[in-house]
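Student: I would like a close look at a single part of this protein, namely the salt bridges and the places they tie together. Could you take me through them carefully, and then set them in the wider picture of the chain?

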Amino acid sequence: MATATPSLKVGPYVVDPAVVLAPMAGITNVAFRQLCREFGSPTSLYVCEMITARAIVERDAKTMEMITFGEDEHPRSMQLYGVDPKSVADATKIIVDEDRADHVDMNFGCPVPKVTRKGGGAALPYKRRLFRQIVRAAVRAAEPAGVPVTVKFRIGIDDEHLTYLDAGRIAEDEGARAVALHARTAAQRYSGQADWSAIARLKEAVTSVPVLGNGDIFSAQDALDMVARTGCDGVVVGRGCLGRPWLFGELQAAFRGEPVPPGPTLGRVADILGRHGRLLADHLGADKGMRDLRKHMAWYLKGFPVGAELRRSLAMVSTLAELDDLLGKLDQGAGFPQDAEGPRGRQGSPAKVVLPEGWLDDPEDATVPEGADLMHSGG
């Protein structure tokens with residue numbers, strides 16, 4: 001298997017291999033990021049959950065807890081969401097002045113209604129001037145500290161309102177050090193197939209900074225295929241690693257031209273689940289950590305021969321001792337099943353994107369939507 005892609009640089013940081021863990025609400029906390037790094041390369045990028053600019057400026061207690069990074073986590077990658085250039089500038093200044101992150105990734109890809117109805121996330125790049133002002137605000141605030149800013153977005157709002165080529169050129173023009181495209185529209189949400197051809201078109205349009213591709217990477221081969229078909233400089237992995245943090249080890253092997261290791265036995269998955277539980281308990285406390293782990297169970301056990309009663313018990317686990325006891329009841333020798341391959345995580349159905357009234361009237365209108373600054377981090 002030939003090496004698919006060289007490493008890339010994001011500002012001063014060499015990303016090797018060129019793999020990024022996508023920020024996912026309720027998933028990519030410090031515990032899950034550490035687990036992914038233990039399997040993958042410490043020099044890939046692992047991005048924290050979405051953090052709202054307004055919440056940082058207001059020093060919201062939950063948000064300040066969410067921007068926890070591990071002692072050996074470097075570079076520390078934070079994803080920032082905002083719709084007001086001033087809030088974004090102020091938040092970025094706090095981040096760099098207080099040395100809270102080494103890399104800022106800007107979120108213009110979120111398709112959820114509570115975000116798009118305020119003009120944020122995947123709705124925002126349609127407003128080209130406002131998008132430019134927000135990217136410029138972050139880049140200028142981060143520049144004195146040498147903190148690189150990257151920008152992630154979708155193809156557009158829907159098939160009639162495509163924004164990605166303009167967004168890529170504007171981000172490049174304003175000093176973003178890389179751009180990433182989730183190759184779906186906001187209307188698609190996570191359904192259907194990602195249109196990798198859009199990544200190839202963005203790569204042709206954006207020539208001076210790396211272009212990363214995101215969407216439908218569920219295996220190491222998917223990542224190799226995306227790079228081969230689109231010419232992108234690296235990949236961003238989201239749902240494909242749910243319940244499968246070892247995917248980062250497989251991606252590292254594939255990108256370095258080494259044999260991809262076989263999938264783990266159920267016994268090995270049990271060990272990984274136990275490790276995840278302990279990392280969450282360390283981060284959140286035992287009670288909250290076990291509640292957080294519950295949502296991961298179905299992803300970890302997908303396709304494995306696990307009885308319904310044991311699955312239910314694991315999905316309701318409440319203590320580390322109970323977790324250890326239940327994991328011990330799994331068939332430790334069961335091999336990695338074919339049914340565990342392929343898409344995982346939420347898919348849902350396409351839906352009309354909820355937008356502020358009159359949002360599509362004038363793409364050059366740079367007015368900040370009223371009440372658009374969210375205080376809640378995490379998406």
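Tutor: A residue counts as buried under 20% relative accessible area, as exposed over 50%, and as partly exposed in between. By that rule Arg 132 is partly exposed, because its relative accessible area is 25%. Please keep in mind that this is a predicted model.

Arg 132 is a good place to begin, since its side chain meets that of Asp 173 in a salt bridge with an N to O distance of 2.8 Å. Asp 173 belongs to helix 7 (residues 164-173) and Arg 132 to helix 6, so this pair ties together parts that are 41 residues apart in sequence. The partner Asp 173 is exposed, because its relative accessible area is 53%. Salt bridges that share partners also join Arg 128, Asp 166, Arg 169 and Glu 364 into one network.

Within that network, the side chains of Glu 364 and Arg 128 meet in a salt bridge, at 2.7 Å from N to O. This pair links distant parts of the chain, for Arg 128 is in helix 6 (residues 128-142) whereas Glu 364 is in the segment after helix 15 (320-327), 236 residues apart. Both ends are partly exposed: Glu 364 has a relative accessible area of 32%, and Arg 128 has one of 29%.

A third pair has another setting. Arg 33 forms a salt bridge with Glu 73, and the closest N and O atoms are 2.6 Å apart. Because Arg 33 lies in helix 1 (residues 30-39) and Glu 73 in the loop between helix 3 (61-66) and strand 5 (77-81), the bridge ties together parts that are 40 residues apart in sequence. Here both Arg 33 and Glu 73 are buried. The loop between helix 3 and strand 5 also holds Pro 75, and a cis peptide bond, with omega about -5°, joins His 74 and Pro 75. Another cis peptide bond runs from Asp 16 to Pro 17, with omega near -5°, and Pro 17 is placed in the loop between strand 2 (13-15) and strand 3 (19-21).

Two further loop residues deserve a look for their backbone angles. Arg 59, in the loop between helix 2 (53-57) and helix 3, has a positive phi of about 55° although it is not a glycine, and Arg 59 is partly exposed at 40% relative accessible area. Asp 216, in the loop between strand 10 (211-214) and helix 9 (220-230), likewise has a positive phi, near 65°, and is not a glycine; Asp 216 is buried, with a relative accessible area of 16%.

As for charges outside the bridges, Lys 62, Lys 114, Lys 288 and Arg 291 form a positive surface patch. Arg 291 sits in helix 12 (residues 286-294) and counts as partly exposed, at 48% relative accessibility.

In the wider picture, the structure holds 25 salt bridges, and the protein has 15 helices and 11 strands. Buried residues make up 58% of the 379 residues. A compact globule with 379 residues would have a radius of gyration near 21 Å, and the 20 Å of this protein agrees with that. The C-alpha atoms fill a box of roughly 60 × 45 × 40 Å along the principal axes. Within the segment after helix 15 lies Glu 370, which is exposed at 80% relative accessible area; the C-alpha atoms of Glu 370 and Gly 303 are 47 Å apart in space, while the two residues are 67 residues apart in sequence.

Key: Residues are numbered from 1 along each chain as its sequence is written. This is a predicted model: local features need pLDDT of at least 70, side-chain atom pairs count only at pLDDT 80 or more; totals for chains, interfaces and linings use all residues. Side-chain values use heavy atoms; hydrogens and water are left out. Patches are made of residues with over 30% relative accessible area and no salt bridge: like charges are joined within 9 Å, nonpolar side chains (Val, Leu, Ile, Met, Phe, Trp, Tyr) within 5 Å. Accessible areas come from the Shrake-Rupley method with a 1.4 Å probe; for residues, only the protein chains shown count as cover. A salt bridge is a side-chain nitrogen of Lys or Arg within 4 Å of a carboxyl oxygen of Asp or Glu. Lys and Arg count as positive and Asp and Glu as negative; His and the chain ends are not counted. The place of a charge is taken as NZ of Lys, CZ of Arg, CG of Asp or CD of Glu. Helices (H or I, at least four residues) and strands (E, at least two) are DSSP runs, numbered from the N terminus. Buried means under 20% relative accessible area, exposed over 50%, partly exposed in between (1.4 Å probe, protein chains only). The radius of gyration is taken over C-alpha atoms; the globule rule is 2.2 Å times the number of residues to the power 0.38.
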